[in-house]
Amino acid sequence: MGKLDEAKDFLQEFGMPEAQKTDIAAYTVLTLADIKPNDNWNAATNNWIRIHDVLRFSSENYNKTYAENTRETIRKNCMHQFREAALIEDNGKATNSPNYRYRITEEALKLIHTYKSYSWQNALKHFRTCHDSLIEMYSSKKKMEMMPVSINGQKLNFSPGKHNALQRAIIEQFAPRFAPRCECLYVGDTIKKDLIKNVAKLRELGFEITLHDKMPDVVLYRADKNWIYFVEAVTSVGPMSPQRIIEIQDMTKNVTAGKIFITAFPDFATYKKFSDDLAWETEVWLSDMPDHMIHLNGDKFMGPRKDR
């Protein structure tokens with residue numbers, strides 16, 4: 001057999017479902033193990049790789065070219081299932097981080113080294129004996145890396161990463177200071193896009209939400225003032241630009257509550273990078289200076305300061 005067929009056979013013996021025994025799944029395993037056409041399986045490695053590396057490796061070593069949009073197929077149909085089976089692990093970064101990586105687990109690497117050898121069946125039997133515990137171990141590792149956050153009195157977990165760290169700060173640091181007694185109507189996660197989504201309340205307030213709408217990162221509602229806070233964490237799609245304001249205004253044209261548009265930044269240095277893109281009549285909050293706001297609101301707050 002050629003290496004592609006061998007990789008498929010490995011996935012069959014490993015116990016993967018039919019959907020994970022395709023050509024693209026086999027090329028993914030070959031990339032993860034760094035196995036070229038003339039390599040032996042005992043030469044496999046488990047260096048950290050990106051999904052893009054699968055496309056490059058397949059093209060350079062197996063003359064198989066995949067389009068860039070195949071990366072999502074690899075992520076959903078290969079990497080997720082490989083990780084659930086304890087074949088691979090990730091490095092705990094946010095999934096939208098350029099530093100997000102995967103690699104074969106140490107236990108699975110030892111198994112791969114025996115493939116096509118006399119000790120393969122015994123090694124496979126041993127791996128299967130402890131397979132459930134391995135799945136539990138790697139699942140627990142992933143769970144330990146989650147960031148706990150309290151939303152509407154409910155304890156939830158964010159995936160790790162800079163974006164979710166900033167969202168956590170918005171909910172736990174910004175809201176108590178500048179939106180007291182508010183309710184979080186919407187917040188996403190880099191993995192679970194609608195971690196909190198109170199559709200009933202959003203519709204009651206006049207939102208028109210379709211599948212194509214891109215909600216702001218965090219939406220808060222303060223009932224005593226009838227104010228809605230639209231907060232963008234700049235680490236996702238960017239700041240509250242004039243175009244972004246138009247998009248949100250269109251989505252909320254039937255909302256009569258007061259609308260406040262805020263861009264959250266992790267620090268002043270990041271704020272300076274985006275300052276030219278910010279729309280007037282918006283607010284800026286920096287998580288490393290949580291007690292202060294920057295108002296881009298013309299003469300709204302113009303006037304002498306009272307002596308303290």
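Which strands does helix α8 lie across? The close-ups below start from that question, and every view is taken from a predicted model.

**View 1. Helix α8 lies across six strands of the sheet: β5, β7, β8, β9, β10 and β11.** Here is the answer to the opening question. Helix α8 spans residues 162-178, and its direction makes about 150° with that of β8. If you are tracing the strands, look for β7 at 218-222, β8 at 227-233, β9 at 258-265 and β10 at 282-286. Helix α10, residues 242-251, also packs on the sheet. Its contacts are with β8, β9 and β10, and it runs at about 140° to β9.

**View 2. The sheet is open and built from seven strands.** Follow the order β6-β5-β7-β8-β9-β10-β11 and you will find mixed pairing along the way. At the edges sit β6 (196-197) and β11 (293-296), each of which pairs on one side only. As a reminder, strands in a sheet pair through backbone hydrogen bonds, in either a parallel or an antiparallel way. Zooming in on one edge, β5 (residues 183-187) and β6 run antiparallel and are joined by two bridges. Tyr186 has Lys197 in β6 as its bridge partner.

**View 3. An aromatic pair links helix α8 to strand β8.** The structure has 20 aromatic pairs, and this view shows the one formed by Phe174 and Tyr229. Their ring centres are 6.2 Å apart with 75° between the planes, an edge-to-face arrangement. Phe174 belongs to helix α8 and Tyr229 to strand β8, with 55 residues separating them along the chain. Are these two residues buried or exposed? Both Phe174 and Tyr229 are buried.

**View 4. Phe230 and Phe261 form a stacked pair.** Why does this pair count as stacked? The planes of Phe230 and Phe261 meet at 20° and the ring centres lie 5.5 Å apart, so the pair falls in the stacked class, for which planes must be under 30 degrees apart. Phe230 comes from strand β8 and Phe261 from strand β9, 31 residues apart, which makes this another link between distant parts of the chain. Phe230 and Phe261 are both buried.

**View 5. Ring pairs join aromatic residues into a cluster.** The members to pick out are Phe10, Phe14, Trp41, Tyr115, Trp120 and Phe127. For a ring with a charged neighbour, turn to Tyr66: the charged end of Lys64 sits over its ring, 5.3 Å from the centre.

**View 6. Lys225 occupies the loop between β7 and β8.** With a relative accessible area of 42%, Lys225 is partly exposed, because that value falls between the limits of 20% for buried and 50% for exposed. Lys225 and Gly258 are 33 residues apart in sequence, yet their C-alpha atoms are 8.2 Å apart in space.

**View 7. Helices α3 and α4 cross at roughly 110°.** Helix α3 covers residues 51-62 and helix α4 covers residues 70-84; their axes come within 9 Å. The two helices are therefore roughly perpendicular to each other. On the α3 side, the contact involves Ile51, His52, Val54 and Leu55. These meet Thr70, Arg71, Ile74, Arg75 and Met79 in α4.

**View 8. The whole chain holds eleven helices and eleven strands.** Of its 308 residues, 46% are buried. Among contacts between residues at least 6 apart in sequence, 54% join residues at least 24 apart.

Notes:
Residues are numbered from 1 along each chain as its sequence is written. This is a predicted model: local features need pLDDT of at least 70, side-chain atom pairs count only at pLDDT 80 or more; totals for chains, interfaces and linings use all residues. Side-chain values use heavy atoms; hydrogens and water are left out. Two strands pair if DSSP finds at least two bridges between them. Helices (H or I, at least four residues) and strands (E, at least two) are DSSP runs, numbered from the N terminus. Contact means heavy atoms within 4.5 Å. Axes are lines fitted to C-alpha atoms, for helices over the stretch in contact, and angles run from 0 to 180 degrees between N-to-C directions. Rings of Phe, Tyr and Trp (its six-membered ring) pair if their centres lie within 6.5 Å; planes under 30 degrees apart count as stacked, over 60 as edge-to-face and the rest as tilted. Buried means under 20% relative accessible area, exposed over 50%, partly exposed in between (1.4 Å probe, protein chains only). A charge sits over a ring if NZ of Lys or CZ of Arg is within 6 Å of the ring centre and within 35 degrees of the ring normal. Angles under 35 degrees count as roughly parallel, over 145 as roughly antiparallel, 65 to 115 as roughly perpendicular and the rest as oblique.
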